[in-house]
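Welcome, and please open your viewer with the cartoon on and a selection box ready. We will go from stop to stop, choosing residues and looking at what is there.

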Amino acid sequence: MPQDDELPTPRGPARVDQDDELPTPRGPARVDTDVPTGAPSALLVLGHGAGGDVDAPDLRALRDAAVGAGLVVARVTQPYRVAGRRAPAPAGHLDEAWTAVLAVLRQRHPGVPLLVGGRSSGARVACRTAPAVGAAGVVALAFPLHPPSSPERSRAAELATGLPTLVVNGDRDPFGVPEPGPGVSVVTRPGERHDLRKDPAGTAALVCDWLHSQAWTQT
């Protein structure tokens, strides 16, 4: 049975600038932050899938590529995962914790555009909260359009943030593939499923091309 998340993966080498826990109304969240060489062009904050973690292959690849393109990248582990639970917290709790972390990260990295995103559940959280946290854009990896075998339960409305949004999904994703809409660009990756594991570097490159088109990279 497909899961609305990805399997945890081993932590790889990273240019970690700061790895700490931040208090939220739902317990401590963990933040892994990587910084570029020179002045950053934007702050990109990423969330994980429901039962996964921030070391998912697509998130790690995007971190590497985005830092190389001049962005600060912060990966946020939700409080329920910090506490060792795999079952996701309710949507309102996820949004509340995410918003609290974003407030701190904005203070730490002022003066640059804030971009929010993540994979699967993390992409949904980013979309739901993007206007409230003052985001300039959204990156949604493996956005779960609907539960498997239940296409009538569409979550497409969550993508209507009014902000520039990039969605990258696999064409074999059992959670479906969103349609493009006003301000929402959708890239479908052939042969990929929900985990986007076949070509993480290629997925990251597509995202960085979009970030560049929005003038959010150094080069």
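Helices (H or I, at least four residues) and strands (E, at least two) are DSSP runs, numbered from the N terminus. With that naming, α3 (91-108) and α4 each supply at least two residues of the lining of the largest cavity, a place we will visit later.

Some ground rules: this is a predicted model, where local features need pLDDT of at least 70 and side-chain atom pairs count only at pLDDT 80 or more, while totals for chains, interfaces and linings use all residues. Residues are numbered from 1 along each chain as its sequence is written, and side-chain values use heavy atoms, with hydrogens and water left out.

**Colour by confidence**

Colour by pLDDT, the predictor's confidence in each residue, from 0 to 100. The chain averages 92, and 91% of the residues score at least 70. Now select residues 1-14: the pLDDT there is below 50, and beyond near neighbours in sequence this stretch has 49 contacts (heavy atoms within 4.5 Å) in the model.

**Select 114-119**

This is strand β5, and 6 of its 6 residues are buried (under 20% relative accessible area, 1.4 Å probe, protein chains only), so β5 is largely enclosed by the rest of the structure. Show side chains: Leu114, Val116 and Gly118 lie on one side, and Leu115, Gly117 and Arg119 on the other.

Add the neighbours. Strands pair if DSSP finds at least two bridges between them. Strand β3 (residues 42-47) runs parallel to β5 over 5 bridges, with Gly47 partnered by Gly118. Strand β6 (residues 137-141) also pairs with β5 in the parallel sense, over 5 bridges, and Leu115 stands opposite Gly137. Helix α4 (residues 121-133) carries the chain from β5 to β6 in a right-handed β-α-β crossover (clockwise from the first strand over the helix to the second, with the strands pointing away from the viewer).

**Select 165-170**

What is the surrounding of strand β7 like? With 6 of its 6 residues buried, β7 is largely enclosed by the rest of the structure. β7 pairs in the parallel sense with β6 over 4 bridges, where Ala140 has Val167 as its partner. With strand β8 (residues 184-189), β7 forms 6 parallel bridges, and Asn169 stands opposite Thr188.

**Last stop: the cavity**

A cavity is a set of points on a 1 Å grid over the protein atoms alone where a 1.4 Å probe fits but cannot get out; lining residues have an atom within 4 Å of a point. Select Gly47, His48, Trp98 and Ser121, which are among the lining residues of the largest cavity. Its volume is about 60 Å³, and α4 gives the largest share of the lining, 3 residues.

Notes. Buried < 20%, exposed > 50% of the residue type's maximum accessible area, 1.4 Å probe, protein only. 1 Å grid on protein atoms, 1.4 Å probe; cavity = no way out; pocket = protein on both sides within 12 Å on 5 of 7 lines; lining within 4 Å. Points joined across faces, edges and corners; volume = space filled by probe spheres on them.
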